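Please open the model in your viewer and keep a selection prompt at hand. The tour below moves from one selection to the next and says what is there.

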Amino acid sequence: MRSITRMSMAAMLLLSCGIAWSSPADEAASPRWQQVFEDRFAPRSTLGPKWLVLRGPWQVDSGGEGLRLDTTGRAMSFLMCEQPLWRRNVRVTAKVWVGKGSLLGLRLQAGAMGWGAGGPDDRVGVDVHDAGQLLQPRPCVASCDVTPGQWHDVTLTLVDGVCVVRVDGWHVGQCDVKQARNPLQNQLQCIGIGSVKVKGVTVATAPMSSPPPAVKWNDAATNRHATVMAQAYVNDAKPDAGLQAAIDALPPTGGVVALPAGRFVLRRYLELQDYVTLAGQGGGSGGTVLTLSAHHDLQPGDAVGPWGYPGDPSRPGMTRLLVESVRGGKVTLNQPSRTGLTERLFPMICSYESLFADIRDLTIRGTRQGTDGQFENCPITLGLTSQSRVMRVCIDQWNGDGISVQAADDARVFDCTVSGTQMAIHPGSVTAGAMIARNLTRSNVAGLFYCWYNERGLAMGNHLDNIRGYPDHGDAFNILAGNRIDQPLLLMSGRHGVLMENRLPWLSLGGIDSDLHAGPLNTQGFMRELETPMPGDAMSPGGFVAACNTLDSVTLWPGMVNVVAMNRNGQNAGAMMNFTGGKDADSVVTGHVDGLPDDLPMDLLERLDAAAKPALPAPVIDGREVYDPSRPDCGFQAALDELGQQGRGTLLLPGGRYPIAAPLLVPSGVTLSGYGCGSVLVPVGQATSAIIVQNAKHATVRDLLIEGGYGEGEPRKAAIVIAAGSDITLDSLDIAGFEGEGVVMQGRNLSMKDCRVITATGVGVVVVDSQHVTIQTSSVTQCGGGVQLVRTEDAMIRGCLSRRNRSFGFQLDGKRLALIASSACDNLGDGVRVDHVQGGLIAANMVANNARAGRDFAGIHLAQQARECRVVFNNCGDDQRQSSQTVGIREDEASHGNDIRFNAVTTMFPAGDGTQVQSHGKATTVKDNAAGVMSR
């Protein structure tokens, strides 16, 4: 009766607040539900293909009582099930059981936040627990204390932006939800601590009564206000120099703020919202400089700090602290400070819980005075953002970190220069898919600092003081490639990484993580124990591939499985690498091997100063001057045609959201450019594509966003189509939610750089019947498929990410194709599929947790006559309790004459026959691969 008493008391409290127990009338008024998922967990040996086990020993209960987790109160586990929940009302029912001192959380994950996922945190749900176990309270997660050792019925109902939680029929919580704000990672999530069970899980969906529009575009009046020239707002008397007023002058749908050249002194932060580009005139001399006053008295409107953890900006007294008044030496703030401090610490530019925030081409200069704020005081602070961009920004002399990207998803930091800070570039906790490329750091405490749970990211072509914090708790499936690192790199813990073509003094694989057992839970509610410590609390880094690096020595420690091969001596190119220490019996350690590549094309950073703002070919036509909302192409096509007649020039699209009912045709010699994420094209009506480049030469499309209806509209052709093109460049483009393929290219000398395709219904990038193609530092996420080359010759994919797609990550078909230092993770089909390829190179890629759809998929799959391909230095890992990628590398019988060597094929836990290499072809070399289980 204990739980009834507690629930009755809770019900009385809820009734006193006007919240009633559910009744038949409530159910009658609910939507008409259609069940999309049910699992009663009848006794079986595996969890089933629809469950994604990210952490923890979830097991099917042998007694037929669903899933069971028993972690003796010390481990925390996630069990996620992917379902089509976006833009739908959702109802989840389940029976849960918690032991004494245990907790089971059931959540609807409507946004992108999660374990190593990042982005806006839109989780709602309930924690069902015994009083002995609690998680950190969350605003939209109810807490219900129940009797341990008994089954309880839980229902989560999300209807038109309101989530209602019921336990055993009682209404125990309700909150508003930003439903359909973010299309990424919509899942059901179970969190277990201690001894818990769950069974009888059902998921039903129904249409929203008033669904938000699939995609928005602006009317003419709004578009004419979506490009703001900040010069008109400059006011040195204001704490923000008048620049925030320029940002606030944009419409709610976003746009572009163009900062003028000059020096601007700020005493408070600038804050960006969704789809906003803040663009300066360059980061070098003669550009835009934001700076601090060396000394000033606090005045009304000034910002103070410290700001606290930017991944949790909603906590009162931690962010957005402003001075309201100063009287007689007494300072009054807009809210009580949690620390009581009123130091002059604040970000210069910040953005929280935003989509497509874009900062570029400016300098931020500090004074190096005041308290060391680290990530509490960063000139650029991005918290809980998705698809943010920071490009060609210079930061100098800041007594905190430089660029802080906390709890973010799909962030990009390109071509920046950071000096005189604490942690120059700081990808923070639970950040996933971050791409950090071609940055220069110098005279910082750390050039690149990884915080907890940085997953599935890439750091490539940077020149760094050093790398610190990597790999730490949960840092997994990352690639460090082509970097110059001035100081030694010590890998003290962590797993599943690729280190390739880096130049550094010394590499150490191994050591003791003294912080591993500092406490059962950290402040975010995550377990420090999750890294599967080895005996004696020594967590040696495992599942790493370190290949083709230039360094003086490598120190190895006994631990988990690693591959160390083909590394060059930095002092004497002809000398063998100096190895010290010991190694695990399953590891592979070797020097030079004849016949294998030891110098992959990575383009190490050579510049010594700020990256220049790209020059736009003249003449430049301002799109605001030709904008005509009465035309299906918004008047832009006539300008493109005029430039095409001259054979040169640029059409500069302004900020705004422009409905394109007819695709824009880009002629030879012409550049079509926007300002970045604030310049948006929205195909509408009969427009099958947004941009077409056909029978053209030397054309460029860059720096804009194309947004579709996220699958809600009729199927279209690709967002960007290149047909019979020659010397065509795509640069810094974003394509989101398009109702077809993202990019389809056909031609010669095609280049795609720094682009993203997100949630397209078709394949993200398709290249067909083409020659001499380069795709680099680009990504495809949650599309029908990742990157596909068909009948293509002499192509290179380098430093790209392809994750969470509904089929393959990369699919290759053609001659002399290379896939280097790229990542294929969490795809339903093969991570990398090689079809009809002659002379391919698949090297130094991270291929993890793929093959989620089951059947005969693998991490890397050589199929249909793959011939003379070298598959080397790849990391095919799986860290799930129930592995999906049980075959790391598979070669089918139709393939032959391939070379499969020096790959790491590892898993965190035993699963069936274990992760393995399977070769069925003829005349293929399979040797020196490290395969094993990394467990206690």
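Before anything is selected, bear in mind that this is a predicted model.

Begin in the loop between β38 and β39 (476-481), where Pro471 lies, and display the backbone on its N-terminal side: the peptide bond from Tyr470 to Pro471 is cis, with omega near -10°. Next, move to the loop between β50 (588-589) and β51 (620-622), which holds Pro619; here a cis peptide bond joins Ala618 and Pro619, and its omega is about -5°.

Strand β38 also leads to a sheet, so colour its strands next. The sheet is open and has 7 strands, which pair in parallel in the order β18-β23-β25-β27-β30-β34-β38. At its edges are β18 (270-271) and β38 (467-468), each of which pairs on one side only. Selecting β18 together with β23 (residues 349-352) shows two strands that run parallel and are joined by 2 bridges. Which residue of β23 is the bridge partner of Glu271? The partner is Cys350, and Cys350 counts as buried because its relative accessibility is 0%, where the cut-off for buried is under 20%.

With Cys350 still selected, add Cys825, which is likewise given a relative accessible area of 0% and is therefore buried. How many disulfides does the structure hold? The count is 0.

Now turn to backbone angles, starting with Gln397 in the loop between β26 (389-396) and β27 (403-406). Gln397 has a phi near 60°, which is a positive value in a residue other than glycine; its relative accessible area of 33% makes Gln397 partly exposed. A second stop of this kind is His836, which is found in strand β70 (residues 832-838). The phi of His836 is near 50°, again positive in a residue other than glycine, and at 38% relative accessibility His836 counts as partly exposed.

The last part of the tour concerns charged side chains. Side chains of opposite charge can pair when their charged atoms come close, and the structure holds 35 salt bridges.

Select Arg438 and Asp415 as an example: they form a salt bridge in which the closest N and O atoms are 2.9 Å apart. This pair links distant parts of the chain, with Arg438 in the loop between β32 (435-437) and β33 (440-442), Asp415 in the loop between β28 (412-414) and β29 (417-419), and the two positions 23 residues apart in numbering. Are these residues buried or exposed? Arg438 counts as buried at 16% relative accessibility, and Asp415, with a relative accessible area of 13%, is buried as well.

Move next to Asp731 and Arg702, whose side chains meet in a salt bridge with an N to O distance of 3.5 Å. This pair too links distant parts of the chain, since Asp731 is in strand β59 (residues 720-736) and Arg702 in strand β58 (residues 697-707), 29 residues apart. Both Asp731 and Arg702 are buried.

Then add Arg360 and Asp358, whose side chains meet in a salt bridge at 2.9 Å, N to O; Arg360 is buried, and so is Asp358. To finish, include Asp703 in the selection and show the side chains together, for Asp358, Arg360, Arg702, Asp703 and Asp731 are linked in a network of salt bridges.

Notes: Residues are numbered from 1 along each chain as its sequence is written. This is a predicted model: local features need pLDDT of at least 70, side-chain atom pairs count only at pLDDT 80 or more; totals for chains, interfaces and linings use all residues. Side-chain values use heavy atoms; hydrogens and water are left out. Two strands pair if DSSP finds at least two bridges between them. Helices (H or I, at least four residues) and strands (E, at least two) are DSSP runs, numbered from the N terminus. A disulfide is a pair of cysteine sulfur atoms within 2.5 Å. Buried means under 20% relative accessible area, exposed over 50%, partly exposed in between (1.4 Å probe, protein chains only). A salt bridge is a side-chain nitrogen of Lys or Arg within 4 Å of a carboxyl oxygen of Asp or Glu.
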